[in-house]
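Reader: I should like to learn how to read the main features of a protein model. May we go through one together, feature by feature?

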Amino acid sequence: MSLFPLDFPVLQTDRLLLTEITTAYSDDIYHLFNDQRITQYYPVMYLEKPEDANLVVSMLEKKYEEGLMVRWGITLHGTDKLIGIIGFNDIYPGHKAKISYLLSPDYWGMGLMTEAVQAILKYGFEILGLNRIEALVIIGNEQSVKLLLRCGFGYEALLEDFLFTDGCHYDMKLYARLSE
Ligand SMILES: CC(C)(COP(=O)(O)OP(=O)(O)OC[C@H]1O[C@@H](n2cnc3c(N)ncnc32)[C@H](O)[C@@H]1OP(=O)(O)O)[C@@H](O)C(=O)NCCC(=O)NCCS
């Protein structure tokens with residue numbers, strides 16, 4: 001049985017609807033994962049072709065069904081444009097998970113991701129029963145570090161050459177927040 005309900009757990013904040021990611025958003029997904037301002041710090045998923053976005057949606061659906069990952073699409077209330085993605089992976093029910101997020105640069109600096117992170121932290125601690133939520137940040141991603149500190153995460157460790165993708169090694173910093 002999956003960790004997650006059959007009906008996708010839609011979440012709401014003051015300004016955002018966090019919703020299921022479907023192929024209706026493929027075009028928006030392609031633009032997010034084809035934007036170097038995003039992929040320089042999120043390098044595991046660079047999309048070269050618009051068609052590749054459908055593969056991302058299928059992969060997310062499969063991992064959700066298997067209870068391995070949950071990704072919410074971020075939309076502003078009353079709109080149908082996917083402006084970002086947020087979620088958990090490496091989920092150990094009742095123990096810990098990793099948080100991951102990205103937002104279209106058009107919407108940076110408005111506090112929207114802070115709102116989204118706070119909403120899924122609540123879901124992670126209260127509904128998934130997590131005790132520890134971790135975040136891995138590539139060195140130099142100061143916007144992400146500020147976001148994590150604002151949301152109550154603490155710095156724990158430097159992980160040298162921790163990520164290897166497309167022939168490059170990346171140093172990363174580990175941050176974590178525990179359930180209160
Ligand atoms: C990481 C990322 C989501 C952060 O985006 P962000 O816009 O800085 O974060 P928020 O949406 O929470 O906005 C916070 C900023 O809005 C400001 N802000 C404006 N109005 C606000 C409001 N109503 N409420 C809260 N903050 C507000 C804050 O002061 C803050 O600005 P500052 O960083 O200059 O202090 C974004 O940089 C991104 O998508 N990067 C590429 C992908 C990535 O790095 N992913 C993470 C991998 S670890």
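Reader: How many strands does the open sheet have, and what is their order?

Author: This is a predicted model. As a general idea, strands of a sheet pair through backbone hydrogen bonds, either parallel or antiparallel. In this structure, an open sheet of 8 strands has the order β1-β2-β3-β4-β5-β6-β8-β7, and its pairing is mixed. The edge strands, each of which pairs on one side only, are β1 (11-12) and β7 (154-165).

Reader: Which helix packs on this sheet, and which strands does it touch?

Author: Helix α4 (residues 112-127) packs on the sheet. It touches β1, β2 (16-20), β3 (70-76), β4 (84-92), β5 (96-103), β6 (132-138) and β8. The direction of α4 makes about 160° with that of β5.

Reader: In what sense do β7 and β8 pair, and over how many bridges?

Author: Strand β8 (residues 168-178) and β7 pair in the antiparallel sense, over 8 bridges. Two pairs of residues help to locate this register: L158 stands opposite K173 in β8, and Y155 stands opposite Y175 in β8. The two strands form a hairpin with 2 residues between them. β8 is also joined to β6 by 7 bridges, and β6 and β8 run antiparallel. There, V137 stands opposite K173 in β8. K173 thus has L158 across from it and also V137.

Reader: Which residue in the turn of that hairpin has a positive phi?

Author: The general idea comes first: most residues other than glycine have a negative phi, and most peptide bonds are trans. In the turn, D166 has a positive phi of about 50°, although D166 is not a glycine. D166 is found in the loop between β7 and β8. Another case is D161, with a positive phi near 50°, but D161 is found in strand β7.

Reader: Why do D161 and D166 count as exposed?

Author: A residue counts as exposed if 12 or fewer other C-beta atoms lie within 10 Å of its own. D161 counts as exposed because it has 10 C-beta neighbours inside 10 Å. D166 counts as exposed because it has 7 such neighbours.

Reader: Let us turn to the interior. Why is β3 described as largely enclosed by the rest of the structure?

Author: 5 of the 7 residues of β3 are buried, so β3 is largely enclosed by the rest of the structure. β3 is joined to β2 by 5 bridges, and these strands run antiparallel. With β4, β3 pairs in the antiparallel sense over 5 bridges. I74 illustrates both pairings: I74 is the bridge partner of L18, and I74 stands opposite G84 in β4.

Reader: Which residues have the most contacts inside the largest nonpolar core?

Author: The largest nonpolar core has 40 residues, and those with the most contacts inside it are I74, I86, Y101 and A116. Leaving aside neighbours within four places in sequence, Y101 is in contact with G84, I85, I86, M113, A116 and V117.

Reader: Where do I85 and L102 lie, and why do they count as buried?

Author: A residue is buried if 20 or more other C-beta atoms lie within 10 Å of its own. I85 has its place in strand β4 and counts as buried because it has 27 C-beta neighbours inside 10 Å. L102 lies in strand β5 and is buried because 21 other C-beta atoms lie within 10 Å. Leaving aside neighbours within four places in sequence, I85 is in contact with I21, L32, R71, G73, I74, Y101 and L102. On the same terms, L102 touches L32, I38, Y42, G84 and I85.

Reader: Which residues come nearest to the ligand, and which element gives the most to the shell around it?

Author: Of the 19 residues around the ligand, Y41, W108, G111, M113 and T114 come nearest. The elements that give two or more residues to the shell are β5, α4 and α5 (142-150). α5 gives the most, with 4 residues. By character, the residues of the shell divide into 12 nonpolar, 6 polar and 1 charged.

Methods:
Residues are numbered from 1 along each chain as its sequence is written. This is a predicted model: local features need pLDDT of at least 70, side-chain atom pairs count only at pLDDT 80 or more; totals for chains, interfaces and linings use all residues. Two strands pair if DSSP finds at least two bridges between them. Two residues are in contact if their C-beta atoms, placed from the backbone, lie within 7 Å. Axes are lines fitted to C-alpha atoms, for helices over the stretch in contact, and angles run from 0 to 180 degrees between N-to-C directions. A residue is near a molecule or strand if its C-beta atom, placed from the backbone, lies within 6 Å of it. Ala, Val, Leu, Ile, Met, Phe, Trp, Tyr, Cys and Pro count as nonpolar, Asp, Glu, Lys and Arg as charged, and the others, Gly among them, as polar. A nonpolar core is a set of buried Ala, Val, Leu, Ile, Met, Phe, Trp, Tyr and Cys residues joined through C-beta atoms within 7 Å.
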